[in-house]
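Let's take a walk through this structure together, one piece at a time. Keep the picture open beside you as you read.

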Amino acid sequence: MRRRRILRWAAIAFGAGILALVGLFGVAWAMTPIPDSTQKEATAQGSVIYYRDGKTVLAKQGVNRKNVKLGQVPAHVREAVIAAENRSFYSDSGVSFKGTARAVWSTVTGQQLQGGSTITQQMVRNYYSGLSQERSFTRKFKEILISIKVDQSKSKDWVLEQYLNTIYFGRGANGIQAAAQAYYGKNVEDLTVAEGAYLAAVIQQPSRFADPKAGDLDAATARWKAIVDAMVQTRAITAQDAAKQVFPALKKPRAAFALKGQDQVMVDRVREELNARGYTDEHIDNGGLKIVTTFDKNLMGAAERAVKSVLPESTSKKVRTGLAAVDPATGEVVAFYGGRKDQSWDNAFSAKVQAGSTFKPYTLATALDNGFDLSTTVNGNSPISVRGASQPIPNDSGRSYGYIDLVRATQNSVNTAFVDLGQKVGLDKVAKTAEAAGIPASQVEPHKIAASFPLGVASVSAVQNASGFASFANGGVHMETHVIKSVTDANGKKSVVKPKSTTVVGKQAAADAIYAMEQVVNYGTGTGARLYDRPVAGKTGTTDSSGAVWFNGFTPQLAAAVNMFRDDNKTVEVPGYGVQFGGQLPARIWKAFMTEALDGKPVEQFPEPSQYGYDSWDPQDQRGDDQGFDNGYNTRDNPYNNEWNGERQDDPQDTPQPDQTSPPENPVIPEETDRGDANNSDGPPTDAPAEPDQLDDTSSGPGRR
């Protein structure tokens with residue numbers, strides 16, 4: 001009797017326990033909804049940055065994941081994962097009770113957590129917020145409840161798609177698409193049966209199987225073979241197909257986002273511009289953006305080759321060279337050279353050095369847009385005294401040219417002529433022109449009160465100078481300089497960059513300024529940049545003691561600027577070529593780049609200048625510095641041909657000096673030199689040592705050319 005009573009109470013207790021468990025389960029079920037948010041790490045997609053063709057990858061940023069639709073994943077790849085991880089996926093309730101019981105028991109007893117989670121459970125654990133990877137009974141129970149609810153409310157295909165996009169495959173690859181690229185260098189839709197089976201094998205031990213060697217390779221091979229056999233059992237493939245499979249060779253692993261050469265500079269500029277356009281760093285790293293840049297991979301190579309082919313290997317590392325090329329019609333920076341691979345700064349975007357005589361065309365264009373014309377004469381005598389200058393301002397070596405027109409003043413880069421022109425047209429107007437052409441006001445405004453302002457006392461970068469000259473090639477209209485063509489978000493919405501346009505000067509003023517700059521290249525200080533198959537306009541620039549030397553030039557299709565300077569403010573000297581001037585190695589680098597960049601491109605002509613340019617002026621008939629640059633200039637026999645001799649051969653001290661009131665008689669043209677000292681207030685180049693010798697705004701030295 002007593003025994004029966006005990007059994008009865010035991011049954012009651014058991015039933016009560018069952019009811020209590022059911023009740024607790026019901027409460028837990030009601031209190032555990034499917035989370036309404038996902039883990040950032042699970043859904044984040046890294047952004048991919050492309051060259052301007054939209055196909056060639058430049059770099060990747062952030063999480064290495066690219067989500068794909070389930071339909072993009074081949075059936076044999078899906079089946080391989082199911083065979084490896086959860087063969088009953090399409091028939092179970094989202095939970096493997098046997099596997100879960102084993103996992104719970106191992107957790108309760110303190111043993112290592114065992115496997116057994118279904119694809120749904122793994123997806124829930126990795127995908128939804130509020131679930132961690134900690135090993136606890138509470139977390140496991142919560143995972144089970146949510147997995148069952150997900151199985152009831154979501155389709156199996158949806159679950160599998162999220163799983164394939166969130167699971168980690170090793171090699172820094174999150175999701176099946178990133179894994180296909182990391183292991184085989186291809187898109188997921190191109191994976192073979194053997195490759196799909198291996199990626200399925202990796203899921204179990206991603207660190208061990210990412211790059212297996214020796215014993216790990218044997219284990220990976222065995223795991224791969226087991227999955228291929230399992231695919232036969234699940235009828236994903238036939239036994240005959242399985243017999244044909246060969247263990248797939250793995251692509252050599254590499255750092256997911258390794259950057260080299262100019263890549264880091266490009267990425268930095270892209271991120272900087274994206275930030276300016278409203279994209280946060282988090283959006284860039286996790287938003288799955290497709291960013292197409294303006295950079296042309298071939299032209300980037302051409303820029304580097306131009307610099308390295310011209311400069312000897314013995315050139316001091318303190319000599320820094322920058323090159324930038326801009327499309328005049330769009331404002332796109334298509335190429336640049338920022339320096340050696342071991343540099344932490346770049347010479348094209350960041351470093352800013354004094355513009356020297358490359359600033360004179362802004363003064364010229366301002367005058368031409370304000371009632372002056374190419375036949376206007378200005379005072380080219382040396383020296384001249386003007387308001388705002390503490391001392392008289394001279395020309396290079398004290399040469400005088402008398403009253404000369406704006407073409408000769410530009411061709412020979414006559415300092416006093418441009419100082420006089422600046423006074424006549426107004427320095428405020430010159431500053432506005434330079435700013436409209438893309439040079440920031442912060443770099444221009446502090447200097448515009450100085451009489452020497454037209455001589456280039458403001459510091460600029462190679463990109464800014466190329467962009468400014470591109471305005472002339474574009475009919476006097478400046479297109480906002482930019483490095484991004486378009487951005488496509490993770491949902492496929494594409495935003496194309498539409499650069500702002502600003503009128504710098506009128507079309508005719510631009511055409512006349514171009515004509516004057518053509519004479520610089522044809523007969524003046526920039527003959528070293530001459531391209532014999534097409535017209536070129538440009539301007540040289542050399543600061544005091546050759547602390548910075550420039551050549552800026554353009555054709556109708558492309559504008560480019562080349563600068564050279566030192567990071568210790570000393571004179572730019574190159575072994576075998578001596579002290580440098582703008583018309584020497586900078587012009588040769590420019591020519592080397594443009595020759596390759598324009599190879600095969602149609603020859604386009606500049607717009608016609610005013611009537612003056614054809615009827616009144618013949619450079620061969622002028623008396624003055626242009627005579628040294630006639631059609632016989634580029635020969636080995638010409639002692640002033642720097643392209644052959646590498647350095648200036650003439651000595652100004654040996655050259656007879658003309659009087660101060662008339663153009664010089666049969667002069668010898670020196671390379672241009674610009675005057676200045678280190679008192680400019682612009683400060684050093686960004687992320688670089690102090691700037692080269694700076695111009696004093698009231699300089700009265702030997703002159704700027």
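In this predicted model, strand β4 (residues 319–326) pairs with β5 in the antiparallel sense, over 4 bridges. To find the pairing by eye, look for V326, which stands opposite V333 in β5.

Now widen your view to the sheet that these two strands belong to. It is an open sheet of 5 strands in the order β5-β4-β16-β15-β14, with antiparallel pairing. Because β5 (333–337) and β14 (537–542) each have a single partner strand, they stand at the edges, and one side of each is left without a neighbour in the sheet. On average, neighbouring strands of this sheet are turned by 10 degrees against each other, direction ignored. A helix joins the scene here too: α15 (residues 297–310) lies across β4 and β5 and runs at about 30 degrees to β5.

Next, let's look at a pair of helices. Two packed helices are described by the angle between their axes and the distance between the axes. For helix α3 (residues 75–85) and helix α9 (residues 193–202), the axes come within 8 Å and cross at roughly 35 degrees. The crossing of α3 past α9 is right-handed. On the α3 side, H76, V77, A80, V81, A84 and E85 make the contact, and on the α9 side V193, G196, A197 and A200 do so. Sorted by class, this contact has 7 nonpolar, 2 polar and 1 charged residues.

Let's finish with one residue of α3, A84. Is A84 buried or exposed? It counts as buried, because its relative accessibility is 17%, and the cut-off for buried is under 20%. Leaving aside neighbours within four places in sequence, A84 is in contact with A200, R223 and I227. The C-alpha atoms of A84 and A230 are separated by 7.4 Å, although these residues are 146 residues apart along the chain.

Key: Residues numbered from 1 in each chain as written. Predicted model: local features only at pLDDT ≥ 70, side-chain atom pairs only at ≥ 80, totals over all residues. Heavy atoms only, no water. Axes fitted to C-alpha atoms, helices over the stretch in contact; angles between N-to-C directions. Left-handed = near helix turned anticlockwise from the far one by under 90°. Contact = heavy atoms within 4.5 Å. Nonpolar A, V, L, I, M, F, W, Y, C, P; charged D, E, K, R; others polar. Buried < 20%, exposed > 50% of the residue type's maximum accessible area, 1.4 Å probe, protein only. Pairing = 2+ DSSP bridges.
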